[in-house]
Amino acid sequence: MEIKLLDPYTVCPVFDTGGFLLRLVQQEDAEDLLGCYSDPESIPLFNSDNCLYGFSMHLLDDMKATIEAWLAEYRARGFVRFSIIEQTFGKVIGTVEFFTRTLQSAGGQHEAGILRLDLKSGYEREPVLCEILELLESRFGEYFAFSSILTKAVPQATARISVLHRLGYQRIERSSDLPYDDYYIKERNSGS
């Protein structure tokens with residue numbers, strides 16, 4: 001029996017981990033997100049591969065323009081960029097971007113979910129990373145068709161790498177299909 005996916009581009013889902021709420025990014029998030037995207041400890045950990053610009057912002061207008069670009073991509077069905085709201089204080093502490101791409105491998109073509117996770121440095125800790133990644137793994141399959149998840153973790157992102165290994169991700173080498181370094185992959189279980 002084929003499972004019908006919900007369309008995240010028609011109605012963007014909202015996810016609740018208990019500690020964090022994930023919902024579509026909004027212009028009202030700009031001030032909080034500027035604290036993330038101007039954080040000198042966070043910037044080196046961001047994944048800006050295949051982006052026209054990096055994610056180092058120091059002006060509120062630049063953050064607002066970036067949010068508008070993310071929303072334009074959402075309207076064009078390119079990707080979904082979720083804001084991550086820390087529920088105790090109601091502050092936006094980062095974003096998650098997710099989209100799917102067809103990748104070629106030795107086993108043939110398959111759909112991979114590409115995950116970008118940007119967090120303010122104070123939240124780049126194993127319990128936070130684990131809570132968010134476990135939610136994404138358990139719920140994104142309701143909205144996106146993919147057989148594996150790819151995400152980047154640069155060598156200095158030690159907490160992130162530790163969590164990725166604990167959750168079953170494996171580091172993969174650069175290839176013609178993925179011409180970037182520091183990526184990790186996890187195959188989806190047939191039941192998830």
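Visitor: Buried means under 20% relative accessible area, exposed over 50%, and partly exposed covers what lies in between. With those cut-offs in hand for this predicted model, what does serine 56 count as: buried, partly exposed or exposed?

Guide: Let's start with its place: serine 56 lies in the loop between H1 and H2. Its relative accessibility is 42%. The cut-offs are under 20% for buried and over 50% for exposed, so at 42% serine 56 counts as partly exposed.

Visitor: Which residues does serine 56 touch, not counting residues up to four places away in sequence?

Guide: One distance helps to place this loop residue: the C-alpha atoms of serine 56 and serine 42 are separated by 9.3 Å, with their positions 14 residues apart along the chain. Once residues up to four places away in sequence are set aside, serine 56 touches Tyr37 and Ile43.

Visitor: Let's step back to the whole fold. What pattern does the protein follow along the sequence?

Guide: The protein has 4 helices and 8 strands. Buried residues make up 48% of its 192 residues. Among contacts with a separation of 6 or more, 64% are between residues 24 or more positions apart. Read along the sequence, the pattern is β-β-α-α-β-β-β-α-β-α-β-β.

Visitor: Now the strands. Why can S2 be called largely enclosed by the rest of the structure?

Guide: Strand S2 spans residues 20-24. The verdict rests on burial: S2 is largely enclosed because the buried residues in it number 4 of the 5.

Visitor: Leucine 21 is in S2; which residue is its bridge partner in S3?

Guide: S2 has partners in both S1 and S3. With S1 (residues 15-16) it runs antiparallel, joined by 2 bridges, and leucine 21 is the bridge partner of aspartate 16 there. With S3 (residues 80-86) the pairing is also antiparallel, over 5 bridges. In S3, the bridge partner of leucine 21 is isoleucine 85.

Visitor: In the hairpin of S1 and S2, which residue takes a positive phi?

Guide: The hairpin has 3 residues between the strands. Phi is near 110 degrees at one position there, and the residue is glycine 18.

Visitor: Which residue in the loop between S7 and S8 has a positive phi although it is not a glycine?

Guide: Most residues other than glycine have a negative phi. Arginine 77, in the loop between H2 and S3, has a positive phi near 65 degrees, and at 46% relative accessibility it counts as partly exposed. The residue you ask about has a phi of about 70 degrees and is buried, with a relative accessible area of 13%. In the loop between S7 (170-172) and S8 (183-187), that residue is aspartate 182.

Visitor: How do H1 and H2 lie relative to each other: roughly parallel, or roughly perpendicular?

Guide: Ala30, Glu31, Leu33, Leu34 and Tyr37 in H1 meet Leu60, Met63, Lys64, Ile67 and Trp70 in H2. By class, this contact has 8 nonpolar, no polar and 2 charged residues. The axes come within 9 Å and cross at roughly 100 degrees. Angles of 65 to 115 degrees count as roughly perpendicular, so H1 and H2 are roughly perpendicular.

Visitor: And what is the handedness of the crossing of H3 and H4, left-handed or right-handed?

Guide: H3 (residues 126-139) and H4 (residues 158-166) pack at about 45 degrees, with their axes 9 Å apart, and they are therefore oblique to each other. Glu126, Leu129, Cys130 and Leu133 in H3 meet residues of H4 that include Ala159, Val163 and Leu164. By class, that contact has 6 nonpolar, 1 polar and 3 charged residues. The crossing of H3 and H4 is right-handed.

Visitor: One more, on strand S6: which of its residues is the bridge partner of alanine 112?

Guide: In S6 (residues 148-152), 5 of the 5 residues are buried, so the strand is largely enclosed by the rest of the structure. Ser148, Leu150 and Lys152 point one way, while Ile149 and Thr151 point the other. S6 runs parallel to S5 (residues 108-119), to which 4 bridges join it. In S6, the bridge partner of alanine 112 is serine 148.

Methods
Residues numbered from 1 in each chain as written. Predicted model: local features only at pLDDT ≥ 70, side-chain atom pairs only at ≥ 80, totals over all residues. Heavy atoms only, no water. Buried < 20%, exposed > 50% of the residue type's maximum accessible area, 1.4 Å probe, protein only. Pairing = 2+ DSSP bridges. Axes fitted to C-alpha atoms, helices over the stretch in contact; angles between N-to-C directions. Parallel < 35°, antiparallel > 145°, perpendicular 65-115°, else oblique. Left-handed = near helix turned anticlockwise from the far one by under 90°. Contact = heavy atoms within 4.5 Å. Nonpolar A, V, L, I, M, F, W, Y, C, P; charged D, E, K, R; others polar.
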